[in-house]
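User: Hi! I'd like to go through a model with you, a bit at a time. Could you put it up?

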Amino acid sequence: ILLDRKGDLACYARPESWQPPPGDDAETTARRELLRARLDVRLYTPGASGGRPLGISLLPRGAGALPGPEREAAARAAAASLGAMMNYRTAATAPRLAVLSRAIETLAELEPDAEMTVPRLVDFIASEDDSLVNAIGHLETKLFKKLLQDLATFQVVKGHLLAPGVERVQAERLFGVGGDDPAPQGRTRLSIISTKGFDDTSAALFWTTQFLLEVGRFAAKRPSAELQGVVLFDEADLYLPAVGKPVTKEPMENTLRRWRSAGLGVLLSSQSPGDFDYKCRENVRNWFVGRVKEDTALAKMRPMLREAKTDIAAKLPGLEAGQFFLVREGQVESLAAERSLVRAEQLPDAEILRLAAGV
């Protein structure tokens, strides 16, 4: 699964990108054709009105059946992402956010097999169900009225992100394993998710948080001792920054801690690796570091590289395109990467929508 923020990874869904460039040798052409024959490519455009929309739920199905601490963490992440969309960022809104989190957790426990929707959540809060009143403890039920107004506003302004009637995020389908849409025999599903359709960063972060929760559900349900899937996050410092706490931060921290043991690989791609939260760096086992020229960027990366037994910081500005250092458990290796078999270039929004509608 590739989360594509710029629109260049969508080239895997464009036939022209697979054409051999002038002067390509026969061996490379054969490798490219073999790769193409082994992939089953899907392109999704969440947040956009065209293409192939991909909707999300507030909580993945079955989240209510998770053990108490995991259910609480999932509800807290869902409430934080929804609250961010409603500008719940101050101390004054903290009580409403707490009620929202408890409402999501309690409703999920009561209806573990049902899809969590905003209308259902609104009805549950409005009913002032005894289980919810008990769950909020000493918080006052008068908070319900303002919360309901905020949820109604969200439904009008941003409700399309959770709109029914569109294909929903389902990890089994995205990976092409099991479920109702497996990849053809002998082929690997490559799901590209273009996030260019979101009209603002908060919407993209909201959607990505729910995506993380869904893949987390998949990891808990289908653990594997062998690699069974990989997720690439392009420009990943947006989701896991050193400064600030976007709604994706806690789920991403959980991702780095737990997905590996379930057989899921995570690739974090960034032109500013020094901007990653330093507390999470210990959960990143392998660093592929290319050319870095700016003094500020190099200074930010020095703490990340201090365990390396070879000082490579001074060598980074002089690297050529395709040259990398692999830093792993203190050891440093030089790597020379071959050019991609697919010509990647940033595609216009209209072309991404056209390609998504056709694959």
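User: Thanks! Where does T248 lie?
Analyst: T248 lies in the loop between β4 and α9. Before we go on, keep in mind that this is a predicted model.

User: Noted. Is T248 buried or exposed?
Analyst: T248 is buried, because its relative accessible area is 0%, and under 20% counts as buried.

User: And which residues does T248 touch?
Analyst: Leaving aside residues up to four places away in sequence, T248 touches L205, T208, T209, L212, L238 and Y239.

User: Let's move along to α9 itself. Which of its residues are buried?
Analyst: Helix α9 covers residues 249-258, and its buried residues are K249, P251, M252, E253, T255 and L256.

User: What covers them?
Analyst: The cover over the buried residues of α9 includes two helices, α2 and α8 (201-221), along with the strands β4 (229-233) and β5 (264-268).

User: α2 sounds worth a look. At what angle do α2 and α8 cross?
Analyst: Roughly 165°, and their axes come within 9 Å. That angle is over 145°, so α2 counts as roughly antiparallel to α8. The crossing of α2 past α8 is left-handed.

User: Which residues meet there?
Analyst: From α2 you have A74, A77, A78, S81, L82 and M85, and these meet S202, A203, F206, T209, Q210 and L213 of α8. By type, the α2 and α8 contact residues divide into 8 nonpolar, 4 polar and no charged.

User: I see A74, A77, A78 and S81 in that list for α2. Why would residues with that sort of spacing end up on one face?
Analyst: That's helix geometry: an α-helix has 3.6 residues a turn, so residues three or four places apart point the same way.

User: Makes sense. How does α2 pack on α3, then?
Analyst: Helix α2 (residues 68-85) and helix α3 (residues 94-110) pack at about 130°, and their axes are 8 Å apart. That angle is above the 65 to 115 degree range for roughly perpendicular and not over 145, so α2 is oblique to α3. Here α2 passes α3 in a right-handed crossing.

User: Who makes that contact?
Analyst: On the α2 side, the contact is made by G68, R71, E72, A75, R76, A78, A79, A80, L82 and G83. On the α3 side, L97, L100, S101, I104, E105 and E109 take part.

User: How do the residues of the α2 and α3 contact divide by type?
Analyst: They divide into 8 nonpolar, 3 polar and 5 charged. For the α2 and α8 contact, the charged count was none.

User: Nice. Does α3 run parallel or perpendicular to α4?
Analyst: Roughly perpendicular, because the axes of α3 and helix α4 (residues 118-126) cross at roughly 100°, which falls in the 65 to 115 degree range. Those axes come within 10 Å. L100, A103, I104, T106, L107 and L110 of α3 meet R120, L121, F124 and I125 of α4. That contact divides into 8 nonpolar, 1 polar and 1 charged.

User: Back to loops for a second. Which residues have a positive phi although they are not glycine?
Analyst: N87 is one, with a positive phi of about 60°, and E235 is another, at about 50°. As background, most residues other than glycine have a negative phi.

User: Where are those two?
Analyst: N87 is in the loop between α2 and α3, and N87 is exposed, with a relative accessible area of 53%. E235 sits in the loop between β4 and α9 and is partly exposed at 25%.

User: How about cysteines: how many disulfides does the structure hold?
Analyst: It holds 0 disulfides. Among the cysteines, C11 counts as buried at 1% relative accessibility, and C280 is buried at 6%.

User: Last one, G322. What does G322 touch?
Analyst: L335, A336 and A337, again not counting residues up to four places away in sequence. G322 is in the loop between α10 (295-305) and β7 (323-328), and at 24% relative accessibility G322 counts as partly exposed. A336 belongs to strand β8 (residues 331-336) and is exposed, with a relative accessible area of 70%.

User: How far apart are G322 and A336?
Analyst: They are 14 residues apart in sequence and 5.7 Å apart in space, C-alpha to C-alpha. For A336 and E320, 16 residues apart along the chain, the C-alpha separation is 9.4 Å.

Key. Residues are numbered from 1 along each chain as its sequence is written. This is a predicted model: local features need pLDDT of at least 70, side-chain atom pairs count only at pLDDT 80 or more; totals for chains, interfaces and linings use all residues. Side-chain values use heavy atoms; hydrogens and water are left out. Axes are lines fitted to C-alpha atoms, for helices over the stretch in contact, and angles run from 0 to 180 degrees between N-to-C directions. Helices (H or I, at least four residues) and strands (E, at least two) are DSSP runs, numbered from the N terminus. Angles under 35 degrees count as roughly parallel, over 145 as roughly antiparallel, 65 to 115 as roughly perpendicular and the rest as oblique. A crossing is left-handed if the near helix is turned anticlockwise from the far one by less than a right angle, and right-handed if clockwise. Contact means heavy atoms within 4.5 Å. Ala, Val, Leu, Ile, Met, Phe, Trp, Tyr, Cys and Pro count as nonpolar, Asp, Glu, Lys and Arg as charged, and the others, Gly among them, as polar. Buried means under 20% relative accessible area, exposed over 50%, partly exposed in between (1.4 Å probe, protein chains only). A disulfide is a pair of cysteine sulfur atoms within 2.5 Å.
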